[in-house]
Amino acid sequence: MAAAATAAPPPAVATALSALLRRGASRRHSLRVSSRPRCVSSDAVAEAEPAPARRGGHAGTRLEEAVPAAEGRSRVDAWISARLGGGGVSRARVQASIRAGLVAVNGRPVSKVSQTVKGGDKVSCTVSELQPLRAEAEDIPLDIVYEDEHLLVVNKPAHMVVHPAPGNANGTLVNAILHHCKISTFTCLARSPIYDECPESSDDDVDVFDVDQFTIGEVSSEVREAIVRPGIVHRLDKGTSGLLVVAKDEHSHAQLAEQFKLHTISRVYISLTCGVPSPNSARIEVPISRDPNNRIRMVAAPGSGHRYAKHAASRYKVREVFCAGGSALVEWRLETGRTHQIRAHAKYLGNPLLGDETYGGTKSMALSLLRPRTPSKYHGDLTNLVSKIDRPCLHAALLGFKHPHSGKVLEFSCPPPDDFTEVLDELRRVTPTSEGQDSDSAAQV
């Protein structure tokens, strides 16, 4: 359930967020953004030290080990990954090995990645070859915030699918990155479009890309079309804009995936909601599972008895209130990374994201909250504005992590795109300046 939040945000992240919001405030009376938003990195930490390139390829690596007697039950893929991950073998690679029949427990082959092991079990594993899904490099513009030989940080536009899947092979972020990097395989810490409307896992259930890195000139013409191995770590839905980290080699991928697993990645999102969450600042700890009545949607339900319900915790803070409570600018910080976590928790609060038709943030709901609270002279403008919203108003504004090779802390921030800021500016325009900004953000927003 929701509880009053007490933990203060990390100073560097809070400062960056305030700067982003101040940029929005400077456009309070402008309905159009004159230039494209610029993303920035922390001046103190954005430069990563160069490190020797690490060769990919772990096929044939073997593990034979007994589970310590004192250990409780755990998934076999997670247990093996914990022992091989330090060497650069990702959990997706372990899962592929299980599916290939290369993992056994007590001498019996394992067929399910979710099978559990317990103290005393004898586990053997041989790391498999990678199984590719083909994708072609495409010359698609990228908004690259940061790049070095090991990773990229990209500002993903709304409506761009992250990587190819059956029925959606072109125009994705992966197609663009393949062209940009001139590599045939790579690791992308991002969600698969195949899970956008039918999610099966989450940031915490690491199922990720694996990589053997080559330059285009080193491979055959067939492979030159590019090979992509699908998987998931860091999530951005198709409709969500903002910062995404992409690894170029398997070692970087494994190290970043571990940071996601340990929740040491800093991620801050901003959203516009239907109505205003109450209280203004809180921690939500409500399990999330698939909605039994709608397979493309998740549901947050306290005390859920659903066998697949998973622990989920989010912190939110209302940054600005519009139209006497008709909408709000809300900051979100994730403690876990469940599928659709912010969207499901916002719905649980009774305040779905503006534009999130899947979770109840419909155009009719938005207008029913905004129109009665604004002067009639603005009703036409609001109707026109809401009619143009075609995605959940959610943006990944801040991202911070340790560089997988140098260990330096990298922090990046990026203002929301034009479609988000146009809605935000219009809500500010029709809201009297004396209305309720919270005490912390009134001077910042």
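Buried here means under 20% relative accessible area, with exposed over 50% and partly exposed in between (1.4 Å probe, protein chains only). This is a predicted model, so keep the thresholds in mind: local features need pLDDT of at least 70, side-chain atom pairs count only at pLDDT 80 or more, and totals for chains, interfaces and linings use all residues. Residues are numbered from 1 along each chain as its sequence is written, and side-chain values use heavy atoms, with hydrogens and water left out. By the burial cut-off, nine of the twelve residues in helix α6 are buried, which leaves α6 mostly covered.

**The chain as a whole**

- The protein chain has ten helices and 22 strands; these are DSSP runs numbered from the N terminus (helices H or I, at least four residues; strands E, at least two).
- Of its 445 residues, 53% are buried.
- Among contacts (heavy atoms within 4.5 Å) with a separation of 6 or more, 76% are between residues 24 or more positions apart.
- About 18700 Å² of the protein chain is exposed, and carbon and sulfur atoms supply 51% of that; the areas come from the Shrake-Rupley method with a 1.4 Å probe, and for residues only the protein chains shown count as cover.

**A four-stranded open sheet**

- Going across the sheet, the order is β3-β8-β5-β6, with antiparallel pairing; two strands pair if DSSP finds at least two bridges between them.
- β3 (62-66) and β6 (108-109) stand at the edges with a single partner strand each, so one side of each has no neighbour in the sheet.
- Strands β5 (residues 103-105) and β8 (residues 122-126) run antiparallel and are joined by three bridges.
- Val-105 sits opposite Val-123 of β8.
- Helix α2 (residues 76-84) lies across β3, β5 and β8, at about 110 degrees to β3; axes are lines fitted to C-alpha atoms, for helices over the stretch in contact, and angles run from 0 to 180 degrees between N-to-C directions.

**Strand β11 and its partners**

- Six of six residues in β11 (residues 151-156) are buried.
- Leu-151, Val-153 and Asn-155 point one way from β11, while Leu-152, Val-154 and Lys-156 point the other way, and all are buried.
- One antiparallel partner is β10 (residues 144-147), joined to β11 by three bridges, and a hairpin of three residues links β10 to β11.
- Across that pairing, Glu-147 stands opposite Leu-152 in β11.
- Strand β14 (residues 241-247) also runs antiparallel to β11, with six bridges between them, and Val-245 in β14 is the bridge partner of Val-153.

**Helices α6 and α10**

- The twelve residues of α6 (residues 250-261) should span 16 Å at 1.5 Å a residue, and the end C-alpha atoms are indeed 16 Å apart; the expected span is 1.5 Å times one less than the number of residues.
- Buried residues in α6 include Glu-250, His-251, His-253, Leu-256 and Phe-260.
- Right after α6 comes His-263, with a positive phi near 60 degrees.
- α10 also matches its expected span: twelve residues should cover 16 Å, and its end C-alpha atoms are 16 Å apart.
- Phe-420, Val-423, Leu-424 and Leu-427 are among the buried residues of α10.

**Arg-428**

- Arg-428 belongs to helix α10 (residues 418-429) and is buried, at a relative accessible area of 2%.
- The side chains of Arg-428 and Glu-320 make a polar contact of 2.9 Å; that term means a pair of N or O atoms within 3.5 Å where, within protein, one must be able to donate a hydrogen and the other to accept it, and residues adjacent in sequence count only if both atoms are side-chain atoms.
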